[in-house]
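Hi,

Here is the structure I promised to pass on. Have a look at it first, then read my notes below.

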Amino acid sequence: MWQSNLRSKRFALVVLGAPLIGAISIGTSVSAQSWADIGNYSTLLRRAGTQTLVAKDCPSGLFGAFHAGRNALLLCSNNLRDDPAQVWTVLAHESAHVMQHCQQGPLLLDHQIGNALAQIEKRSLSAFQELRLYHQSQRRDEIEARLVQGLPMAEVEALFRGFCGDRLKRHAPKSIPAVGLGDG
């Protein structure tokens, strides 16, 4: 049973990993269109069991974080502008770490990392250079998160559903029995 589950997750990586690489070069819009879009995506995260928190007292320069042990995503309102595009970028970046947590490992196959780095460098030299600041043990996770943060919202949501879909089913609200309906 565990082996077949592992095979299906690897299949998901192959299927979902390929669009992850190619999507950035298309040049489509990458930001949320509104605060409502951000709220809807945050609701999806919560439905999958991930707490979404906002802090007003983060250290300078910290925009967001994900704590795997608590399954909690944090946005730092004191360091973020009141701009849905910037908030979306941080939310998408941190949700990539949620996806890694759901996957219990990397989102991309080993041979896709070079292409991911090339896409990041092409999109933003500073984001590419920032990757060197991370310890080697964190670099791959950050490469994937920077790649995801540049994707259109619909693609990030599709990836989230692909990597964390089983959690959405597990945390789905129970249906409320229709008490008193049709008794009339």
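How far apart are the sulfur atoms of Cys58 and Cys76? They are 2.2 Å apart, and the two residues form a disulfide (a pair of cysteine sulfur atoms within 2.5 Å).

Some ground rules before the rest. This is a predicted model, where local features need pLDDT of at least 70 and side-chain atom pairs count only at pLDDT 80 or more, while totals for chains, interfaces and linings use all residues. Residues are numbered from 1 along each chain as its sequence is written, and side-chain values use heavy atoms, with hydrogens and water left out.

Back to the disulfides: the structure holds two. In case the term is new, a disulfide is a covalent bond between the sulfur atoms of two cysteines.

- Cys58 sits in the loop between strand 1 (51-55) and strand 2 (64-67) and Cys76 in strand 3, so their bond ties together parts that are 18 residues apart in sequence. Both cysteines are buried (under 20% relative accessible area, with exposed over 50% and partly exposed in between, using a 1.4 Å probe and protein chains only).
- Cys102 is joined to Cys164, also with 2.2 Å from S to S. Cys102 is in helix 3 and Cys164 in helix 7, so this pair ties together parts that are 62 residues apart in sequence. The torsion about the S-S bond is about 110°, so this disulfide is right-handed.

Helices (H or I, at least four residues) and strands (E, at least two) are DSSP runs, numbered from the N terminus.

Next, the inside. The largest nonpolar core (buried Ala, Val, Leu, Ile, Met, Phe, Trp, Tyr and Cys residues joined through side-chain atoms within 4.5 Å) has 29 residues, and those touching the most other members include Tyr41, Trp88 and Met99. Helix 3 gives the most to this core, with nine residues. Leaving aside residues up to four places away in sequence, Met99 touches Tyr41, Phe160 and Cys164, among others (contact means heavy atoms within 4.5 Å).

Which residues are the closest to the centre of the largest pocket? They are His93, Glu94, Tyr134, Glu142 and Arg146, out of 28 that line the pocket. A pocket here is an open set of points on a 1 Å grid over the protein atoms alone, where a 1.4 Å probe fits, with protein on both sides within 12 Å along at least five of seven lines; lining residues have an atom within 4 Å of a point. Helix 3 gives the most to this lining too, with eight residues.

Cheers
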